[in-house]
Structures are given as structure tokens and as C-alpha cells.
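Work through the exercises below with the sequence and the structure open. Try each task before reading its solution.

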Amino acid sequence: MTDVPAVPDEAVEALAASVAAVIPLLKSRIPAIPAAQLGRTSAPPAGPAGRSRPMPEPLLSERILGALELTIPALSLDSAPGLTLYLPEPPTRVGTARAAGESEVVASTRLLESFRPGAPDLARSLSRRLSPHPLIAPLLTAAPEQIPDGAAAEEAVAAAHGAGYLALGVAVAWAVVGRGPLLRGPALDIVAAAVGLGLASARELLAEAPMPEAYATARLAKVRAEYLLPRSASGQVQAEGHRFALTEGGFPDTADFSGNGLVAVVPGGAVIRTGAADGPVTVRVRVFAEEPESPQTESWDEVVDVSWHADEGLASVAGPGEDSRSSGPDDRRAAFRNQLRGVTPPWPGDYRLRVYVSGRDDPDDGERYELHVWQAPPAPEAVRKRTDRLGCQLRGEPDPDPRPQPWKKYREICKAVLDVHGTITVITGVSAAQVVRAFGGDPDRPEALSELESNEMDNFPSESSIAVLPTAASTGEPAAIVIEGLGFQGMYALEEASVHGRAASFHQNAKGMTNLAFAEGGEVLVSEEFPEPEEGGPAVEAAMEGMDFDDVRDYAEKCLYAMERFTGCVIPLDAPEQIRSADVGYRVPQ
């Protein structure tokens, strides 16, 4: 920042009259889209309905230059005071350089700072002093008669707001830099420099200036016109003190969860009780035009319906430390949270809220929520499901009986092998060599598994690799665990692999699609994405008995446990580490 002498008040007054005279002309030449982008600088977030993605900065500045490059030199500022005397003396020698592909506005603004270092600071200072001036302030917003009705009003108000401050910044910049040969230099486009200085001044002032009074009404009209049902949004909310809320405004101070153990209705929304004391939790919000079909409760621990009244609409999911109307810091994590801003319908009225939750009792289960919202008259609270320990404690009920979940022991194996893409196959009654042959490989040609995996993408889909871990079934007969990282040959090798015993395989790909297969005596009993136990016969039914496969939580772990039951072979919990340590693999065709 360069120190510049203070401009006396009488000079500012003279400048105000000249600048006020040219602002309407400049505003009329600034395109609405970039003007509205600037005008929304301090606007609240638009919520999931979204707003148009801002154009990149170089395109924005060049578009404004193209619109004003003939208008700026013709501006009549003859009555404005000379301002070069308020600038420091220019340097006697200046070196210039320009980066390839650099925009004209950026390059000229940078060169101007080299030729007359005080010019940018003087332009910003004068713009700030003039913005509240009685001659200038009325020109910075749209007059009521210029605002159209309906959804178009939002862009009109934002564009007038942005164009007004930009016109002020450009007019002042031209008064500073456009008069006098001392401000010229080689390779310097003085008009482009004026646009650059004007943009810098406008951005600074718009970041601090409140949106015009008409903007809130205009924005609401646009949101209502663009709001369509059904809709959904997913994101994360920062829980604090075991709470987050669906709220229209500030976070409620108190909430009583003793009634249903999950959600408490408060003025303007509802507060949800979390298992996590502090930290991010995943939330999905779905908004319907009418009550959705009967709730699917299989994959949830608690489900509760409540009624709440919206005073305004556009409620947001927010934590105690968040402003439900603010977008927060500009980073990727904040952007994920901001998907949950203004998610409910933009109309006041009575609404029904259905809250689903799973994983409150065990952080390893991945605590998650789903909120369903639809417009409906007030109705009594309805508890659809209540099974978690936290809910019982909050309601003053005895803890529920522990639910045996022996499949959870396979959680780390699933993370290690199946988290992205992989296949696990269990085979009994065979040697390791027989397994490799069943998969189409050559047991006499082992290779380093690490090298096979590093080259696997180059060879896939014609071939992939397998790793084989010899083990034993509970009956003592030989068995083997086969792990594939990229391939899925286990789905097709079961017929041959099961000739001397039983075999089972589970595959999951990067898109979450799965396949569970069982085979015995050379015959595949069932091989489907979600097999019905009875389709595979008594042995498969017994393997899958007592596990709710409609509840997709721990689905991969349940499948591995069913494979253990079917084959009588426990998958070693350190199987991935053993295979990695041995570093032996085999090529197999796909």
C-alpha cells in the first residue's frame, strides 16, 4: 500500500458532481450477468436451488472491458479536479514484463502500479469517500420502477447494485489515471487499467455494503419460482454438544429429548440429538410434495415423525456454531455443508418432519441421518422405530438387549479388500495349486503380487491377479482364501473350485454393486446381487439365517459371515496382512 496525500474535501465535492454525471451512462453499458455476479458479493447463500456459477475472473474482467472500452475514453470529466498532484512522483526507470496469456485488464493494472504506484490506492480511497455522498448513493441501486415483478427481480436488483459500484469505481479510476500523459507508459492500456482499478474498488466496497432493501424480497421470489419438488440434498453438519438442528434462524438454546429420544420441536424448526458429542455427521434431506410411502425402517435404528411450523421457510441444517443463513468459509468442506442451506420449501406453513438415524451407539458404525420434509397439517408425534441404546436412555427406558452381530469381526477385512473394489472367495477341499488352476492360472508360475498389482490396470480387463492363502475348514479339510483386488474371477470359478467341497464368493465394485455366490459339488447354488436364501436351498438358507440382509448396514460383513457358515472356514482376520507379507500372486484371465 502506497501512502498518498489526502485529497481535500472541496476537491472531493467537485469530483462527486463529475462522477455522478457519468455513472448512469456507465451503468447502462455494463452487462447484466457480470454486474449481477458482482452485486451478489455480500448476498446470502442461495441454498440447494443454487445460483449460476460465477464466471472466471479473467472472463469477467475482459467482458467488462469489452463493454466499456469505447465508453470510458469519451467520459466527460472536464469539471473534475486534477488528481495527479496527489500521487507520488513516478519512478525514473521502470522495467516491464507480461506473462503469456495474461488478460489485458490484469496486465495493464499491474503495469500501472509500476508506473504510478499510488494510483490504485488513490482510486480506492476516493471511491470509498464518494460512495455515501448524497449525489452518488442513490445511483448505486435500482429505482423501484426499474425492478420487474417475479423471478427476474433478483437479477435486476443484484445487477443494479453491482453495476452502480462498478460504475463508481471505473469513473473514479478514469478521473485518476485517464488525464495526463505522465500516467502513460509502453504496453499500458490505460482504459484496461481503469477497468482493473474500478473492479478492485467495487469488490472492496461491495464486500462491505449491505444488499439493497429490495433484494431479500426479490431473492425470495426467485427461489420460490425455481423451487421444484421432490428434491434432495446431502452434506455434513458440525454437531456440537450432541446436537444439530433444522432451523430457520439462530440455533435454539434448549431442547428436550426425553419424549422420543431423537428430535425436539422448537420455534422455527427442530433439534436432533446426536450420539457424537462434537464433529461432523452426515445428513441427507429429502423434500416431498406429499407424505412419502411407508417409511423404510430396515437400515435405521430410530425413526420419528414430528410436526413443526415454518414462519418463513427455507430452513437450513446447521450446528450450534453455525449461522443457518451464512455460507461460512470458502473451502471444500464448507461447500459440502452449504448443500444443506435453505433446503426446505420457501413458504411459511405447517410441515411434517421424519427423522431417521443409525449409528448413534457405535462411532464405528458411521452415524448418519436422513430428514424427510413435506407440507402437512399438525399431527401427533409418531415413533416409527426405537431400537438404539441412546434413545432408550433419553426416554428413561431400560437398555435394549444386546444384539449379537458376529459379522462385525470382518469389518477391517472389508475395509482393506472391498472398500473400493475387490473379491473374496472361500474354497474347501482343495489345495492352493488346485485353486489357482480353477481360476485359470498356472500354479507353477508365481510372481511378486506387488508387481502384478502395479501393472494390473495396464492388463485389465483381459487379465488380473489373485492371491491365495492356504488355511483349513472347521472339519480339518484343506481350504483356501482367494483375494482379488481388481478382478472378479471368483464369481465364475466356483463351479470348478467346488468340485471337492464347497465354495462361496463375494464381490463389490467401486459403484457399490455386489454379487454373492455359493456353490457345492461342482454346482453353483445361487449367484446374485441380493440373493434370496431360499433360492440357494437349505445350505444357503442356514448360512444366511438370522441376518437381516434387507438392512444394508454391514452388508459386506454379513456376506462374509454367511460364507464362513456355508464353508465352515473362518476367514483369518489378518488375511490381507499375511498375503501382503508373502507377496505371491498369479495371473488369471478375466
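**Exercise 1. A charged pair out of the solvent**

Task: In this predicted model, decide whether R411 and D554 are buried or exposed. Then find what joins them and where each one sits.

Solution:
- Step 1. Check the cover. R411 is buried, and D554 is buried too. Buried here means under 20% relative accessible area.
- Step 2. Check the contact. R411 and D554 form a salt bridge, with the closest N and O atoms 3.0 Å apart.
- Step 3. Place the partners. R411 belongs to helix α11 (residues 411-418), while D554 lies in the loop between α16 and α17. The two are 143 residues apart, so this pair links distant parts of the chain.

**Exercise 2. A second bridge to the loop between α16 and α17**

Task: Which residue forms a salt bridge with R553? Work out which parts of the chain the pair ties together.

Solution:
- Step 1. Find the partner. The side chain of D301 meets that of R553 in a salt bridge, 2.6 Å from N to O.
- Step 2. Locate both ends. D301 is in the loop between β5 (279-288) and β6, and R553 is in the loop between α16 and α17. The pair therefore ties together parts 252 residues apart in sequence.
- Step 3. Check the cover. D301 has a relative accessible area of 6%, so D301 is buried.

**Exercise 3. Charges on helices α5 and α7**

Task: How many salt bridges does the structure hold? Take the one between R128 and E208, classify both residues by accessibility, and name the network around them.

Solution:
- Step 1. Count. There are 28 salt bridges in the structure.
- Step 2. Look at the pair. The closest N and O atoms of R128 and E208 are 2.8 Å apart. R128 is in helix α5 and E208 in helix α7, 80 residues apart, and the pair links distant parts of the chain.
- Step 3. Classify. The relative accessible area of R128 is 34%, so R128 is partly exposed. E208 reaches 52%, so E208 is exposed.
- Step 4. Return to the buried pair for contrast: R411 and D554 are both buried. On the α5 and α7 side, salt bridges with shared partners join D121, R124, R128, E204 and E208 into one network.

**Exercise 4. The largest nonpolar core**

Task: How many residues make up the largest nonpolar core? Say which helix supplies the largest share.

Solution:
- Step 1. Size it. The largest nonpolar core has 71 residues. V19, L26, L126, L130 and L168 have the most contacts inside this core.
- Step 2. List the contributors. At least two residues of this core come from each of α1 (9-29), α2 (32-39), α3 (57-68), α4 (104-115), α5 (119-130), α6 (152-177), α7 (190-208) and α8.
- Step 3. Pick out the largest share. α6 supplies 17 residues of this core.

**Exercise 5. Backbone angles to check**

Task: Which peptide bond is cis? Then look at phi of L314 and of D583, and place each residue.

Solution:
- Step 1. Inspect omega. The bond from L229 to P230 is cis, with omega near -5°. P230 lies in the loop between α8 (213-226) and β1 (231-239).
- Step 2. Inspect L314. Its phi is near 60°, positive in a residue that is not glycine. L314 sits in the loop between β6 (302-310) and β7 (316-318). With a relative accessible area of 8%, L314 is buried.
- Step 3. Inspect D583. Phi of D583 is about 55°, again positive without being a glycine. D583 lies in the loop between α18 (575-582) and β18 (584-589). Its relative accessibility is 28%, so D583 counts as partly exposed.

**Exercise 6. Surface charge and spacing**

Task: Which residues form the negative surface patch? Then ask what separates the C-alpha atoms of E484 and G422, and those of L188 and S527.

Solution:
- Step 1. List the patch. E298, E528, E532, E534, E535, E541, E545, D548 and D550 form it.
- Step 2. Look at E545. This residue is in the loop between α16 (538-544) and α17 (555-567). E545 counts as exposed because its relative accessibility is 55%.
- Step 3. Turn to E484. This residue is in strand β14 (residues 478-484), and E484 is buried at 0% relative accessible area. The C-alpha atoms of E484 and G422 are 5.6 Å apart, with their positions 62 residues apart along the chain.
- Step 4. Turn to L188. L188 lies in the loop between α6 and α7 and is buried, at 14%. The C-alpha atoms of L188 and S527 are 72 Å apart, and the two residues are 339 residues apart along the chain.

How values were computed:
Residues are numbered from 1 along each chain as its sequence is written. This is a predicted model: local features need pLDDT of at least 70, side-chain atom pairs count only at pLDDT 80 or more; totals for chains, interfaces and linings use all residues. Side-chain values use heavy atoms; hydrogens and water are left out. Patches are made of residues with over 30% relative accessible area and no salt bridge: like charges are joined within 9 Å, nonpolar side chains (Val, Leu, Ile, Met, Phe, Trp, Tyr) within 5 Å. Accessible areas come from the Shrake-Rupley method with a 1.4 Å probe; for residues, only the protein chains shown count as cover. A salt bridge is a side-chain nitrogen of Lys or Arg within 4 Å of a carboxyl oxygen of Asp or Glu. Lys and Arg count as positive and Asp and Glu as negative; His and the chain ends are not counted. The place of a charge is taken as NZ of Lys, CZ of Arg, CG of Asp or CD of Glu. Helices (H or I, at least four residues) and strands (E, at least two) are DSSP runs, numbered from the N terminus. Buried means under 20% relative accessible area, exposed over 50%, partly exposed in between (1.4 Å probe, protein chains only). A nonpolar core is a set of buried Ala, Val, Leu, Ile, Met, Phe, Trp, Tyr and Cys residues joined through side-chain atoms within 4.5 Å.
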